[in-house]
Amino acid sequence: MSSGTKAANERKAIRAAAAAWVVRLDAAPGDPSLRDDADRWIDADPRHAVAFAEAQLAWEAAPHTRLRDEEGQDEEATAPEEALVPAAPMISRRAVGLGLLAASAVGAVGLGRLLLPGEERRATTRGEQSLTRLADGSSIRLNTATTLAISLSGARRKVRMIEGEALFDVARDPRRPFIVDLGDAEVRVIGTSFNIRKRADRTELTVTRGLVAVSDVEGQSIRVGAGETTLIRPGVLAVADPGEALIRQRTAWQDGVIELNDETIEEAVAEFNRYRDQPIVVADPRIGSLVISGRFGIHESREFVEALKSSFAIAAVTTANGSIALTGAEGPAPRIAPAPGRAAE
């Protein structure tokens with residue numbers, strides 16, 4: 001066996017072992033002895049640490065690839081209250097651990113992006129927004145870099161949210177609840193309007209009209225009404241009344257607007273980067289915690305940068321590929337100050 005072949009086989013074995021550890025840890029998150037064993041394996045070789053990190057990213061990138069036994073479920077709800085009862089507990093993504101193990105042999109495959117039988121894909125590219133109208137009278141407005149899988153039948157209406165952000169305006173049908181599958185949680189409604197933003201580490205649900213029921217893979221369930229929000233992440237499911245300002249901020253994208261209310265520059269840059277092909281980069285850690293308020297169009301990132309330059313001691317350099325690097329201007333480091341009002345407007 002050549003040295004190249006031997007090295008390739010070793011890498012393959014390490015990737016498979018890393019994927020196995022990720023699956024085992026996800027299946028038993030509270031097992032300290034298993035965590036200790038995994039740490040020892042990771043520490044044994046730098047290549048183990050790299051492979052483990054890659055396997056974790058692949059696992060988090062495909063949280064929607066799950067198995068569900070839906071045989072025998074009765075979707076024929078006869079009253080709104082019955083229709084809002086959370087669906088049967090979902091089998092978590094650990095049920096597809098073998099799928100991840102197989103994927104690890106050929107690289108980090110985004111299994112969650114695969115369409116299931118009967119699904120139709122809807123997607124937007126970075127910076128794009130679109131409106132999808134469904135046959136039942138519902139509509140879904142997709143924000144930038146969003147991917148959904150939609151399936152409608154006589155018994156149910158279901159959307160599998162793979163990534164991104166969308167506003168759902170659901171036509172009322174008590175006999176066919178509308179379900180949004182988030183992978184680690186499920187949103188179930190009859191007829192209402194709500195916004196969902198799926199981030200890397202959490203999902204934000206904002207209800208603008210009506211009432212929705214949310215259940216997660218751990219068996220928790222809550223109801224969220226108009227003007228309320230909930231943060232969905234492992235072990236966390238709670239309703240909050242954030243006030244009109246935050247509701248308006250979370251839904252401003254529908255009007256083509258980014259609204260900043262005392263966000264740090266790091267947070268504001270992340271918002272603009274959702275719509276840019278080439279990112280804005282905070283290249284100077286001294287400026288990342290400065291806060292700013294203002295209202296910009298989603299494609300007005302250059303206006304945003306100019307506002308930063310005029311409000312703070314910040315310099316901006318546009319690189320050859322179109323990205324923008326933000327640094328502190330020459331002189332003393334900028335002071336982390338309170339919000340400058342609406343200086344960016």
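These are my notebook entries on a predicted model.

**Entry: a three-stranded sheet**

I started with an open sheet of three strands, ordered β15-β18-β17, and its pairing is mixed. The edges are β15 (280-282) and β17 (314-318), each of which pairs on one side only. From one strand to the next, the twist averages 25 degrees.

Next I looked up how β17 meets β18, which covers residues 324-328. The two run antiparallel and are joined by five bridges. I picked out one pair: Ala 316 has Leu 326 in β18 as its bridge partner. As a reminder to myself, strands of a sheet pair through backbone hydrogen bonds, either parallel or antiparallel.

**Entry: the helices across that sheet**

Which helices lie across β15, β17 and β18? I found α7, residues 265-273, running at about 160 degrees to β15. I also found α8, residues 301-311, which lies across those three strands and runs at about 145 degrees to β17.

**Entry: Ser 289**

I looked for Ser 289 and found it in the loop between β15 and β16 (291-297). Is Ser 289 buried or partly exposed? It is partly exposed, because its relative accessible area is 38%, and the cut-off for buried is under 20%. I also checked Ser 289 against Glu 266: they sit 23 residues apart along the chain, and their C-alpha atoms are separated by 6.7 Å.

**Entry: nonpolar cores**

The largest nonpolar core has 26 residues. Which of its members touch the most others? I noted Phe 168, Val 187, Phe 194 and Leu 205. Strand β5 (residues 157-169) gives the largest share of this core, four residues.

I then listed the contacts of Val 187, leaving out residues up to four places away in sequence. Among them are Phe 178, Ile 179, Leu 182, Phe 194, Leu 205 and Val 214. Another core, of 24 residues, lies apart from the largest one. Its members include Trp 253, Ala 307, Ile 314 and Leu 326. Leu 326 is thus a name I had already written down, as the bridge partner of Ala 316. In soluble globular proteins, nonpolar side chains tend to be buried together.

**Entry: a hairpin**

I moved on to β2 (residues 130-133) and β3 (residues 139-142), which run antiparallel and are joined by four bridges. Thr 132 has Ile 140 in β3 as its bridge partner. The two strands form a hairpin with five residues between them. In the turn I noticed Gly 137, which has a positive phi of about 100 degrees.

**Entry: salt bridges**

How many salt bridges does a search of the whole structure find? I got 18.

One of them joins Arg 122 and Glu 120, whose closest N and O atoms are 3.2 Å apart. Arg 122 is partly exposed at 28% relative accessible area, and Glu 120 is partly exposed at 46%.

Then I turned to Asp 201, which is partly exposed at 40%. Its side chain meets that of Arg 202 in a salt bridge, 3.0 Å from N to O. Asp 201 also forms a salt bridge with Arg 233, with the closest N and O atoms 3.6 Å apart. Why does this pair tie together separate parts of the chain? Asp 201 lies in the loop between β8 (193-198) and β9 (203-209), while Arg 233 is in strand β12 (residues 229-233), so the pair links parts 32 residues apart in sequence. Arg 233 is partly exposed, with 31% relative accessibility.

My last note here is that salt bridges sharing partners join Arg 199, Asp 201, Arg 202, Glu 204 and Arg 233 into one network.

Definitions and conventions: Residues are numbered from 1 along each chain as its sequence is written. This is a predicted model: local features need pLDDT of at least 70, side-chain atom pairs count only at pLDDT 80 or more; totals for chains, interfaces and linings use all residues. Side-chain values use heavy atoms; hydrogens and water are left out. Two strands pair if DSSP finds at least two bridges between them. Axes are lines fitted to C-alpha atoms, for helices over the stretch in contact, and angles run from 0 to 180 degrees between N-to-C directions. Contact means heavy atoms within 4.5 Å. Buried means under 20% relative accessible area, exposed over 50%, partly exposed in between (1.4 Å probe, protein chains only). A nonpolar core is a set of buried Ala, Val, Leu, Ile, Met, Phe, Trp, Tyr and Cys residues joined through side-chain atoms within 4.5 Å. A salt bridge is a side-chain nitrogen of Lys or Arg within 4 Å of a carboxyl oxygen of Asp or Glu.
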